[in-house]
Amino acid sequence: MAAHTDNEIVIAAPLDLVWEMTNDLENWPQLFSEYASVEVLQRSGDTTTFRLTMHPDENGKIWSWVSERETARDVRTVWARRVETGPFAFMNIRWEYDEEPEGTRMRWTQDFEMKPDAPVDDAGMTEHINRNSKIQMELIRDKIEQRARARVGA
C-alpha cells in the first residue's frame, strides 16, 4: 500500500535565491539539520546522482542511500527518487516552487511504500516525514530569509 505526503512553506525571498540554495546539493549539510554529508557521484545535464548520509539516529544508526535528482528550472520543479531504496519499496519526491506575493512557496510531495521488513510501516513513515518536513522546511526558510536580508543590506 503506497503512502503520500504533501508539505509546503512560504519563504520571504525571491524564487532565484530559494532555487539556488535548495538545489546546491553540496551545501545540504549546512541547509538541513539531518544530513551529515552529500557525495555527488555523477552529473549529466540536469540530473545528479548522489549519496546522502544522515547524522546518527536516536539508536546510533547512520542511514545512507543513493538518490537521483533531476531539476527543471523552466517549470520550477525537481523530481527525485531513491536508487538505493533501503527500507522503502520505492520513494519518489517532487519539489515545486511558485512565486507568491510574500515570496516563494516551496512544496515537497513524497510518494513511497515501506518494505514489509522495514522498521516502520507506511503510516509510521508518513507521520515521521510530515513531522520532519515541517522542521526542515522551517530551518531552510530561516536560513534563506537570513541570506535574503543580508543581500538587501549589502
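Which residues lie nearest the centre of the largest pocket? In this predicted model, they are Glu34, Met54, Arg82, Met125 and His128, out of 38 residues that line the pocket. The space inside amounts to about 1000 Å³.

Several strands and one helix contribute to the lining. At least two residues each come from β3 (47–54), β4 (64–72), β5 (77–82), β6 (88–100), β7 (103–114) and α3 (122–153). Of these, α3 gives the most, with eight residues. The composition of the lining by residue class is tabulated below.

| Class of lining residue, largest pocket | Residues |
|---|---|
| Nonpolar | 21 nonpolar residues |
| Polar | ten polar residues |
| Charged | seven charged residues |

Nonpolar side chains tend to be buried together in soluble globular proteins. Here the largest nonpolar core holds 27 residues, and Trp28, Phe32, Trp95, Tyr97, Met106 and Ile144 have the most contacts inside it. Elements that each supply at least two residues of this core are β1 (3–11), α1 (15–22), α2 (28–31), β2 (35–44), β3, β6, β7 and α3. The largest share of the core, five residues, is from α1. A second core, separate from the largest one, has eight residues, among them Phe88, Met91, Phe112 and Met114.

Which residues does Trp28 contact beyond its neighbours within four places in sequence? Trp28 is in contact with Thr22, Tyr35, Val38, Phe50, Leu52, Arg69 and Trp95. Both Trp28 and Trp95 are listed among the core residues with the most contacts.

Pocket and core draw on shared elements: β3, β6, β7 and α3 each supply at least two residues to the pocket lining and at least two to the largest core.

Methods:
Residues numbered from 1 in each chain as written. Predicted model: local features only at pLDDT ≥ 70, side-chain atom pairs only at ≥ 80, totals over all residues. Heavy atoms only, no water. 1 Å grid on protein atoms, 1.4 Å probe; cavity = no way out; pocket = protein on both sides within 12 Å on 5 of 7 lines; lining within 4 Å. Points joined across faces, edges and corners; volume = space filled by probe spheres on them. Helix = DSSP H or I, 4+ residues; strand = E, 2+ residues; numbered from the N terminus. Nonpolar A, V, L, I, M, F, W, Y, C, P; charged D, E, K, R; others polar. Core = buried A, V, L, I, M, F, W, Y, C linked by side-chain atoms within 4.5 Å. Buried < 20%, exposed > 50% of the residue type's maximum accessible area, 1.4 Å probe, protein only. Contact = heavy atoms within 4.5 Å.
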